[in-house]
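Colleague: I'm new to this one and would like a quick tour. Can we look at it together?

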Amino acid sequence: HNPLCLPRQLTHPHMISQFFVLSQRGDKIVSRDFRNDITKSSEEIFFRKVKFWEGDAPPFFNVEGINFVHIVRNTLYFVCTTRTNTSPNLLVEFLSNVCCRLFEDFSGNLMEDVLRSNMLMIYEILDEILDYGYIQTTSTEGLKIFVMNEFSDGDGTAKKGTTASGSIVNSINSKFTTLGSALVSKKTIDSSATNTSIQDTSKKRNDLFIDILERVNAVFDSQGSLIRSEIVGAINMKSFLVGQPNLRLGLNEDLIIGNSSAGKTLYGTGVRIDNCSFSDLVRLSEFQHSRVLTLTPPHGSFNVMNYRVANVQGMPFKVFPYINVGGSSSNMSGGMSSAGNSSSFASNYKVEVVIKIRADFDKKAHGSKVLVTIPVPRDTSNALVEFGVGSQTTYEYKAQERVIVWGISKFVGGTEQVIRIKITLKEKPTYDIRKQIGPVSMKFEMPLHNISGLQVRFLKFEDTGSNEVPSRWVRYICKADDGDSSNGGGGYEVRMW
């Protein structure tokens, strides 16, 4: 046989058979079948498999000969399927940095009601970026001339210039800080300003938004000592600029990349990152000697720079655990004045767990949306919770998942929070009961804060083509989440034994 007559999937394996978006309830929001080589019930197969997976489902898996690749954004499942041996990393990259970014650029954000109101536009985008399952153009700037449908806000009314509401960016409840205050009249702007479609024409906008986002990975031992740590960071830019001006973005002058002796000699002991990568749009002619990036920002959202820092000291929160099993205690580092009261709780069927968290950062900063997850033993029959001196704390005992979720809406720097959990067991505890408690994990967000010390020193525009100076907004965010690898996620974990 002529090898040129081989089926297309054998010569070009990087193809997508289906794309769909599901809500957290399993409802279909968007669905497109490009090749008709996979059953129409794949959405039900995927959702059933993910929901009954023990723990969090991996970003890619195979069921009945179907390869599923997915990511989760704002409780929505973005899923690709294929029968070929397509690179999983390619599809994860397509879903996270291409597909979701394009949807967000055109619709404002990735909330369920916004996607439902803009389904025609979403399908139009899909038809442009995927042809018979093959990835085509992925540029926001290039797609603008082909997407004819106007975006609509959450109430379903087609408008131009309507800001879609409800994005996760709103939940951070932080303010942007501005550079060059002498050039603009406002020093802060509401964070929802970024949640606008690039098709917004209700007013002439000339804004540039920059997020320095750092996700923290850290593991602590039972004494609160740091075992390993890592920061995965990114400088994200979203452009609403008029025209295509050149931009010069200056970072720390004392920025050191890697541990080369040349870098130390030139910049001293400054801000250090282990490695980094840049967008293809960035020109690095000035970076080596002055740490300045030059680029011409396209419309929409993209990462200017990704970086990583290992073995980071100075974590924002320290967690100290204490376990008392039937009167035999495991002392908590950092002290607990009320630990002596634990003897009154001693019983052959009872376990007491005390968690103390200390915020090791400036009092002017704060952590928001702090969630602490504490696993309890398998044969727990009941769990009572008491809080130490503190405010704005809540908890939820999830018996089926055998975890207690402790919520702190605002954790001010320099303060401590304490939770005491009194667990009643169905049977007498065995020797491995301590191993069934923990590890404790944390999620949090810290607006206007970053750990690495990476800063935007200045933003300067050249060749704007007009007398109007664009507004420039910079925001710093440090966060720890559930460690979603498709999102470069960070996990904050404390071992209990």
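Modeller: Sure. Before we start, contact here means heavy atoms within 4.5 Å. Keep in mind that this is a predicted model.

Colleague: Good to know. Which strands are included in what covers the buried residues of H2?

Modeller: Start with the helix: H2 spans residues 42-51. Its buried residues are Ser 42, Glu 43, Ile 45, Phe 46, Phe 47 and Val 50. The cover over them includes S1 (18-22), S2 (28-33), S3 (60-63), S4 (66-73) and S5 (76-82).

Colleague: Take Ser 42, then. Is it buried or exposed?

Modeller: Ser 42 sits in helix H2. Leaving out residues up to four places away in sequence, it touches Gln 18, Phe 20 and Phe 68. Buried means under 20% relative accessible area. Ser 42 has 0%, so it is buried.

Colleague: Let me zoom out. How many helices and strands are there in the chain?

Modeller: The chain has 497 residues, and 50% of them count as buried. Among contacts between residues at least 6 apart in sequence, 71% join residues at least 24 apart. As for the elements, the count is nine helices and 28 strands.

Colleague: Back to helices. At what angle do H3 and H5 pack, and is that parallel or oblique?

Modeller: H3 covers residues 88-107 and H5 covers residues 119-129, with their axes 10 Å apart. The angle between them is about 135°. Angles over 145 degrees would count as roughly antiparallel, and 65 to 115 as roughly perpendicular. This pair falls in neither range, so H3 is oblique to H5.

Colleague: And how do the residues of that contact divide into nonpolar, polar and charged?

Modeller: H3 passes H5 in a right-handed crossing. On the H3 side the contact uses Phe 94, Leu 102, Phe 103, Phe 106 and Ser 107, while H5 brings Met 121, Ile 122, Ile 125, Leu 126 and Ile 129. The split is nine nonpolar, one polar and no charged.

Colleague: What about cysteines? How many disulfides does a search of the whole structure find?

Modeller: A disulfide is a covalent bond between the sulfur atoms of two cysteines. Cys 80 is buried at 0% relative accessibility, and Cys 478 is buried with 0% as well. The search of the whole structure comes back with zero disulfides.

Colleague: Which residues is Gln 455 in contact with, leaving aside neighbours within four places in sequence?

Modeller: Gln 455 lies in the loop between S25 (440-447) and S26 (456-462), and it is partly exposed, with a relative accessible area of 34%. Its C-alpha atom is 8.2 Å from that of Ile 212, though the two are 243 residues apart along the chain. Its contacts are Gly 250, Leu 251, Asn 252, Asn 450 and Tyr 476.

Colleague: Where is Pro 439 found?

Modeller: Look for an unusual spot in the backbone. The peptide bond from Gly 438 to Pro 439 is cis, with omega near -5°. Pro 439 itself is in the loop between S24 (416-425) and S25.

Colleague: Last one: what is the phi of Arg 402?

Modeller: Let's take Tyr 132 along with it. Tyr 132 is in the loop between S6 (130-131) and S7 (134-135), and it has a positive phi of about 55° although it is not a glycine. Arg 402 is in the loop between S22 (393-398) and S23 (403-412) and counts as partly exposed at 35%. Arg 402 isn't a glycine either, and its phi is positive, about 55°.

How values were computed: Residues are numbered from 1 along each chain as its sequence is written. This is a predicted model: local features need pLDDT of at least 70, side-chain atom pairs count only at pLDDT 80 or more; totals for chains, interfaces and linings use all residues. Side-chain values use heavy atoms; hydrogens and water are left out. Axes are lines fitted to C-alpha atoms, for helices over the stretch in contact, and angles run from 0 to 180 degrees between N-to-C directions. Helices (H or I, at least four residues) and strands (E, at least two) are DSSP runs, numbered from the N terminus. Angles under 35 degrees count as roughly parallel, over 145 as roughly antiparallel, 65 to 115 as roughly perpendicular and the rest as oblique. A crossing is left-handed if the near helix is turned anticlockwise from the far one by less than a right angle, and right-handed if clockwise. Ala, Val, Leu, Ile, Met, Phe, Trp, Tyr, Cys and Pro count as nonpolar, Asp, Glu, Lys and Arg as charged, and the others, Gly among them, as polar. A disulfide is a pair of cysteine sulfur atoms within 2.5 Å. Buried means under 20% relative accessible area, exposed over 50%, partly exposed in between (1.4 Å probe, protein chains only).
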